[in-house]
Amino acid sequence: MSSLDVANKMEYDERLAHFRQTRLNPFDRGEEEDDPEGGKATHQHETRSELFSGTKTHSSDRTMDLGLAEDHFSRPVGSFVASDIEQLKLAIEECKKLILELPEHSERQKDAVVKLIHLRLKLQELKDPEEEEPNLRIILEHRFSKEKSKSVKQTCDKCSTIIWGLIQTWYTCTGCYYRCHSKCMNQITKPCVRSKVSHQSEYELSICPEIGLDRQDYRCAECRTPVSLRGVPSEARQCDYTGQYYCSTCHWNDTAIVPARVIHNWEFEPRKVCRSSKRYLTLMMPRPVLKLKEINPLLFNFVEELVEIRKLRHDILLMKPYFITCKEAMEARLLLQLQDRQHFVENDDMYSLQDLIDISTGRLSCSLTEIHTTFAKHIKLDCERCQAKGFVCELCKEGDILFPFDSHTSVCHECSAVFHRDCYYDNSTTCPRCARMTDRQQDEKNFSTLVEDDA
């Protein structure tokens, strides 16, 4: 080192020492205001020095003063070296000790907490320098979009640490909402859950199908990290949906309603599931993949709400032909009232998990009854074209115009004619409309035969 460099370094050290001695520490601004002559402030400086070093030393020799004494805050930008990270780690530990020793809820403790946050942000910035990242990245069927939000606190799904949006680049998968740091993306091993939903839209319908840690080779079912029920080397957490065990990185003790428990037990208590199961169940929730009359037909005998919903859905399917041939109904877009449950206008036996949840809370019954009333009002009262498509009971030839969705009617399974329920079941003969259609077909057949004979 040349004599000029030595002289410059000595000058720099002298100026820095002078700055440390004369500059007010933000932790002591309250005491400094109380004692402008500096007596009390000097005592506080000496006390803080004891907290950091254990013995009283002169202010120029004392250990690093948080926020002012660290060289990484005094040096020009661009002069960071590897030792800065070690200094920041030391400053963070000292700041933690100071926070514990200061009086609870005091101004000095609040200032120390703020300083700790800034130190951690600075450390993270040095570890993860900002780089120009692409706006869209595709990894294992994930479509990662670069996030612009800086103030929302998130947690990385890969490393389970906090994402500091102010200084870190992070991405979210537009399909399954998987979030991670930019630096963690190359370590992702789990494919996008939405691809599984698209290719395999079905639930595990066994309640917590456990296979045991030995079948998993005492490793996490997802990342293969060694796990144990004793927590050594890592805690094994069971997913109530898959029955398998996961490490704390893949299982955050999230909770979700498990479809198998709903279908077999009509139980809606959320259970602990792993991260991948949580995402899968969330994406699957609105999908109508549950055919209850095949999976558990006895459920309709014990849950009255299901019977009511089944009747309302059956009526809506009977109303659908009126709407798709009615100009006014098409212009009013009445069927769009069920756009969130499109399967309700396609069949009456498929349910989504969200449907079952809403049935248990009573929400679906209220909304579907209101829609049913609106549809029936249009057909029976508001629209003359739809009224003209009603039926007269051909068995008693009395009463008002009948519609197949009326509660006191029965519909012929062969010709879809509508009758009073009492008339239909009391009648010992065949359906008059079916008999008439049979006679007409017979007449047409006879006429065809006669024409052939004349030819």
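**A tour from Phe 268 outward**

Begin by selecting Phe 268, which touches Ile 257, Val 262, Leu 356, Ile 357 and Ser 360, leaving aside residues up to four places away in sequence. Keep in mind throughout that this is a predicted model. Phe 268 sits in the loop between helix H8 (259-265) and strand E10 (271-273), and because its relative accessible area is 19%, while buried means under 20%, Phe 268 counts as buried. Now add Ile 357 to the selection: Phe 268 and Ile 357 are 89 residues apart along the chain, and their C-alpha atoms are separated by 7.4 Å.

Next, select Leu 356, another of the residues that Phe 268 touches. With residues up to four places away in sequence again left out, Leu 356 touches Val 262, Trp 266, Phe 268, Leu 290, Leu 292, Leu 306 and Tyr 351. Leu 356 is also one of the residues with the most contacts inside the largest nonpolar core, together with Phe 144, Leu 292 and Leu 306, and this core has 73 residues. Colour helix H12 (residues 304-324) as well, since that helix gives the most to this core, with seven residues. Apart from this core lies another, of 11 residues, including Ile 92, Leu 102, Ala 112 and Leu 119. In soluble globular proteins, nonpolar side chains tend to be buried together.

Keep helix H12 coloured and turn to the largest pocket, where H12 gives the most to the lining, with six residues. About 510 Å³ of space lies in this pocket, and of the 21 residues that line the pocket, His 314, Leu 318, Pro 404, Val 411 and Val 418 are the closest to its centre. Strand E13 (409-411) and helix H17 (421-426), like H12, each supply at least two residues of the lining, which divides into nine nonpolar, seven polar and five charged residues.

For the second largest pocket, with a volume of about 380 Å³, select Lys 196, Tyr 241, Thr 242, Ser 277 and Tyr 280, which lie nearest its centre among the 21 lining residues. Helix H7 (193-199) and helix H9 (275-284) are the elements that give two or more residues to this lining, and by class the lining has 10 nonpolar, six polar and five charged residues.

Finally, select His 181 in strand E6 (residues 179-181). Is His 181 buried or exposed? With a relative accessible area of 1%, His 181 is buried, and among the residues that His 181 touches are Cys 156, Cys 159 and Trp 170. To close, show the whole chain, which has 18 helices and 14 strands, and in which 39% of the 455 residues count as buried.

Note on methods: Residues are numbered from 1 along each chain as its sequence is written. This is a predicted model: local features need pLDDT of at least 70, side-chain atom pairs count only at pLDDT 80 or more; totals for chains, interfaces and linings use all residues. Side-chain values use heavy atoms; hydrogens and water are left out. Helices (H or I, at least four residues) and strands (E, at least two) are DSSP runs, numbered from the N terminus. Buried means under 20% relative accessible area, exposed over 50%, partly exposed in between (1.4 Å probe, protein chains only). Contact means heavy atoms within 4.5 Å. A nonpolar core is a set of buried Ala, Val, Leu, Ile, Met, Phe, Trp, Tyr and Cys residues joined through side-chain atoms within 4.5 Å. On a 1 Å grid over the protein atoms alone, a cavity is a set of points where a 1.4 Å probe fits but cannot get out, and a pocket is an open set with protein on both sides within 12 Å along at least five of seven lines; lining residues have an atom within 4 Å of a point. Grid points are joined across faces, edges and corners, and a volume is the space filled by probe spheres set on the points. Ala, Val, Leu, Ile, Met, Phe, Trp, Tyr, Cys and Pro count as nonpolar, Asp, Glu, Lys and Arg as charged, and the others, Gly among them, as polar.
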